[in-house]
Amino acid sequence: MSPEPTPILQADGLVKRFGGFYALGGLTFHVAPGEILGLVGPNGSGKTTAINVISGLYAPDGGRVTFEGRSIGGLASHRLVHLGINRTFQVPKPFLSLTVRQNIEVALAYGRSASAPPSIESLLQEYRLAEVADRPAQDLNNVQQKTLDLVRALATGPRLLLLDELAAGLNPTELDWIASRIRSLAQAGMAIIVVEHLMGFIEQITDRVIVMNAGKEIFEGTLAVAVKVPEVIEVFLGGEHAA
Ligand SMILES: Nc1ncnc2c1ncn2[C@@H]1O[C@H](COP(=O)(O)OP(=O)(O)OP(=O)(O)O)[C@@H](O)[C@H]1O
């Protein structure tokens, strides 16, 4: 058996409070280069908060995050982008009046990551945005807006990519296509964390999942095993959702 790869990101005991409420109550997980890790769990379990803390949108109130061996907890988003971490948002946030090409140019200029960023033309072609390259972002449909959000993140040359509900609202053909793109990024060595509610999509692309409940991990392993664990079944189907 080959040894476990060294994690690129390690989160230990992450805490995030909003007033007296613990959105993250001591979350621990890691992800390695080339790995696709799924963060799953019921609504409000802290998945997006975890992404927000790792991407620098929120400073953690406790715990430790290291990226490539360096402590990064509390660093601002732009510094993390320059170190090699970038993300997409549940609701894409392009510059609506700028064209698709200009949006990517801004991201390229903002990036300055140590990794060599891809060219605009290759991104436009590979992510099916060439036809709308000179249209303002506000003209794009849902899948194009989501794709542009992904491309803007990729233009900064991340080695760790955080995807927050990228698949929401995509049809089955679009899902297959975006899944193949995400897999090829991982095959090229990128570490990817995916927050998603669509279990079929999670099953299709992830190597491993962390199941979260109330700000903590309750399971780590493959989704195929997770769905047989009573505590996991209980948090997805129990409580207020029980028949
Ligand atoms: N800025 C904030 N201020 C106050 N509470 C917040 C804030 N952000 C998140 N929360 C709360 O923290 C908890 C976790 O929210 P989070 O968005 O991380 O959950 P989630 O697992 O991503 O949920 P969903 O699947 O619905 O997106 C929720 O109870 C939410 O209301």
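**Entry 1: around the ligand**

I began with the ligand, and I found that helix H1, residues 47-54, gives the largest share of the shell around it, namely three residues. I keep in mind throughout that I am reading a predicted model. I then wrote down the residues that surround the ligand, which are Phe-18, Ala-23, Gly-41, Asn-43, Gly-44, Ser-45, Gly-46, Lys-47, Thr-48 and Thr-49. When I sorted this shell by class, I had two nonpolar residues, seven polar ones and one charged one.

**Entry 2: the whole protein**

Next I stepped back and looked up the protein as a whole, which has nine helices and ten strands. Its radius of gyration is 18 Å, close to the 18 Å that the globule rule gives for 243 residues, so I noted the protein as being as compact as a globular protein of that length. Taken along the principal axes, the C-alpha atoms fill a box of roughly 50 × 45 × 40 Å. I also noted that 40% of the 243 residues count as buried. Of the contacts with a separation of 6 or more, 68% are between residues 24 or more positions apart.

**Entry 3: strand S8 and its partners**

I asked myself how many residues of strand S8 are buried. Five of the five residues in S8, which covers 191-195, are buried, so this strand is largely enclosed by the rest of the structure. In a regular strand the side chains alternate between the two faces of the sheet, and I therefore checked each side of S8 separately. On one side I found Ala-191, Ile-193 and Val-195, on the other Ile-192 and Val-194, and all of them are buried, which leaves both faces covered.

I then looked for the strands that pair with S8. Strand S3, residues 36-40, runs parallel to S8 and is joined to it by four bridges, and within this pairing Leu-39 has Val-195 as its bridge partner. Strand S7 also pairs with S8 in the parallel sense, over five bridges.

**Entry 4: Leu-161**

I picked Leu-161 for a closer look; this residue sits in strand S7, residues 160-164, and its bridge partner in S8 is Ile-192. Is Leu-161 buried or exposed? I counted Leu-161 as buried, because 24 other C-beta atoms lie within 10 Å and the cut-off for a buried residue is 20 or more. Leaving out residues up to four places away in sequence, I listed what Leu-161 touches: Asn-86, Ala-153, Leu-185, Met-190 and Ile-192. I also looked up Ile-193, which is 32 residues from Leu-161 in sequence, while their C-alpha atoms are 6.3 Å apart in space.

**Entry 5: from S7 through H6**

Following the chain onward, I came to Glu-165 in the loop between S7 and H6. Its phi is near 50°, a positive value in a residue other than glycine, and Glu-165 counts as partly exposed because it has 19 C-beta neighbours inside 10 Å. Helix H6 itself, residues 172-187, has 16 residues and reaches 22 Å from its first C-alpha to its last, close to the 22 Å expected at 1.5 Å a residue. After H6 comes Gly-189, whose phi is also positive, near 110°.

**Entry 6: Ala-214**

My last stop was Ala-214, in the loop between strand S9 (208-213) and strand S10 (216-221). Ala-214 is not a glycine, and yet its phi is positive, at about 50°. I recorded Ala-214 as partly exposed, because 15 other C-beta atoms lie within 10 Å.

How values were computed. Residues are numbered from 1 along each chain as its sequence is written. This is a predicted model: local features need pLDDT of at least 70, side-chain atom pairs count only at pLDDT 80 or more; totals for chains, interfaces and linings use all residues. Helices (H or I, at least four residues) and strands (E, at least two) are DSSP runs, numbered from the N terminus. A residue is buried if 20 or more other C-beta atoms lie within 10 Å of its own, exposed if 12 or fewer, and partly exposed in between; C-beta atoms are placed from the backbone. Two residues are in contact if their C-beta atoms, placed from the backbone, lie within 7 Å. The expected span of a helix is 1.5 Å times one less than its number of residues. A residue is near a molecule or strand if its C-beta atom, placed from the backbone, lies within 6 Å of it. Ala, Val, Leu, Ile, Met, Phe, Trp, Tyr, Cys and Pro count as nonpolar, Asp, Glu, Lys and Arg as charged, and the others, Gly among them, as polar. The radius of gyration is taken over C-alpha atoms; the globule rule is 2.2 Å times the number of residues to the power 0.38. Two strands pair if DSSP finds at least two bridges between them.
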